[in-house]
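Let's take a walk through this protein together, starting with the whole chain and then stopping at a handful of residues. Have the structure open and turn it as you read.

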Amino acid sequence: MKKIYCDKYDPQAVSYLSLFLYDEIRILLAKDLNQKVVAIHTWNLLSSAENPISKVWKDELYQLDVPTKVFMHNKYFSLVPGALFHIDFLDTYLSFAGEFSGDLKSFHSSLDSNNIQLVGGLDQRLYQLLSDGKQEIAFHHGSSSFLSYCLSEKTKFLSQEILLYLFDKSFYIAAFDKQALVLFNRFDIENKDNLLMYLFGLTKQLGFDRNYCRYTVFGKNSHLTFSENWAKEYFKNIAFDTVQSIQNYHLGTESFSKTAHFESNWEYI
């Protein structure tokens with residue numbers, strides 16, 4: 001099912017597009033020259049038995065030939081220290097994330113003043129489909145927005161920090177020890193016990209103190225129902241938070257900022 005947050009917009013006012021591809025939802029943001037959101041189209045894959053990517057590709061908003069960024073929320077990504085990074089080895093870096101079936105198109109995003117490179121990948125056919133008719137298009141792994149936020153906030157962190165972004169049936173986790181990133185990964189979860197298992201295990205693996213470490217949770221998992229009070233039974237310093245927004249909205253689109261999607265407030269730039 002397609003949802004339109006603003007059906008009255010001037011196509012001439014659209015200067016940029018950002019497409020976010022999750023397993024359960026697809027989000028298309030249109031922005032003007034000032035990077036202010038003028039229109040939003042979303043597709044909920046859970047409400048339809050079949051919702052192929054052509055629904056996005058053929059959308060009148062996506063058909064506009066303006067600079068476009070595509071963010072892939074998939075399991076194919078790898079972090080590479082900037083000092084060791086070389087663009088000729090993208091496929092090699094990505095091979096550390098596991099086997100990929102089909103022809104792979106790799107890409108990368110620079111984070112933390114080029115100290116970290118986030119390498120991602122997608123199927124070559126999907127890359128060609130989304131690139132068709134676009135003179136300027138860039139691909140990023142979907143976690144780049146969440147991780148760029150975490151890195152931008154690290155000077156405010158305690159000596160032990162764990163941040164999570166819940167989405168689909170998965171979550172991203174970033175851990176910082178004395179403001180240095182020591183862990184970043186994605187895990188799939190089916191229930192609250194899965195989430196606890198990962199948090200307990202990773203906290204112990206990192207040598208963190210569960211009574212001292214600060215845990216911050218963003219987003220939501222539509223398949224899980226739990227509260228901050230429930231979480232505080234296991235973690236002394238945990239909070240469910242929202243990101244201070246860097247996204248600006250025109251009238252008629254601002255309701256999207258109240259959704260749990262991380263990109264509704266923060267987008268990798």
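Among contacts in the protein chain between residues at least 6 apart in sequence, what percentage join residues at least 24 apart? The value is 59%. Please keep in mind along the way that you are looking at a predicted model.

Let's begin with the overall build. The protein chain contains six helices and 15 strands. Its C-alpha atoms fill a box of roughly 55 × 45 × 35 Å along the principal axes. A compact globule of 269 residues would have a radius of gyration near 18 Å, and the 19 Å of the protein chain agrees with that. Of the 269 residues, 49% are buried.

Now for the outside. The protein chain exposes about 13,400 Å², and carbon and sulfur atoms supply 49% of that area. As for charge, there are 26 positive and 31 negative side chains. The centres of these two sets lie 5 Å apart.

Charges bring us to pairing. Side chains of opposite charge can pair when their charged atoms come close. How many salt bridges does the structure hold? There are eleven. A good one to find first is the bridge between K31 and E267, where the closest N and O atoms are 2.8 Å apart. K31 lies in strand β3 (residues 25-31) and E267 in the segment after β15 (248-249), so this pair ties together parts that are 236 residues apart in sequence. Are these two partners buried or exposed? K31 counts as buried because its relative accessible area is 5%, under the 20% cut-off. E267 is buried too, with a relative accessibility of 2%.

Stay with E267 for a moment, since its side chain also meets that of K69 in a salt bridge, at 2.9 Å from N to O. This pair again links distant parts of the chain: K69 is in strand β5 (residues 68-72), E267 is in the segment after β15, and the two are 198 residues apart. K69 is partly exposed, with a relative accessible area of 22%. Put together, E267 has a salt bridge to K31 and another to K69.

For another salt bridge, look at D177 and K178, whose closest N and O atoms are 3.6 Å apart. D177 is partly exposed at 28% relative accessibility, while K178 is exposed, with a relative accessible area of 63%. Elsewhere, salt bridges that share partners join K2, D59 and E60 into one network.

Move one residue along from K178 and you reach Q179, which lies in the loop between β11 (170-177) and β12 (180-188). Its phi is near 70°, a positive value in a residue other than glycine. Q179 is partly exposed, with a relative accessible area of 32%. Where else can you find a positive phi in a residue other than glycine? Look at S113, with phi near 55°. S113 sits in the loop between β7 (104-111) and β8 (116-123). With 72% relative accessibility, S113 counts as exposed, because that value is over the 50% cut-off.

From that loop, step into strand β8, where you will find G121. How accessible is G121, and does it count as buried or exposed? At 0% relative accessibility, G121 is buried. Which residues does G121 contact, leaving aside its neighbours within four places in sequence? They are N74, Y76, L94, L104, K105, S106 and F107. The C-alpha atoms of G121 and F77 are separated by 6.7 Å, although the two residues are 44 apart along the chain.

Our last stop is M72, back in strand β5. M72 is buried, at 8% relative accessibility. Not counting residues up to four places away in sequence, M72 touches L21, F107, L122, L126, H140, H141 and G142. F107 is therefore a residue to click on twice, as it appears among the contacts of M72 and also among those of G121. For a longer distance, try M72 and F218: their C-alpha atoms are 19 Å apart in space, and the residues are 146 apart in sequence.

Note on methods. Residues numbered from 1 in each chain as written. Predicted model: local features only at pLDDT ≥ 70, side-chain atom pairs only at ≥ 80, totals over all residues. Heavy atoms only, no water. Helix = DSSP H or I, 4+ residues; strand = E, 2+ residues; numbered from the N terminus. Rg over C-alpha atoms; globule rule 2.2 N^0.38 Å. Buried < 20%, exposed > 50% of the residue type's maximum accessible area, 1.4 Å probe, protein only. Contact = heavy atoms within 4.5 Å. Areas by Shrake-Rupley, 256 points an atom, 1.4 Å probe, with all protein chains shown as cover. Lys, Arg positive; Asp, Glu negative; His and termini not counted. Charge placed at Lys NZ, Arg CZ, Asp CG, Glu CD. Salt bridge = Lys/Arg side-chain N within 4 Å of Asp/Glu carboxyl O.
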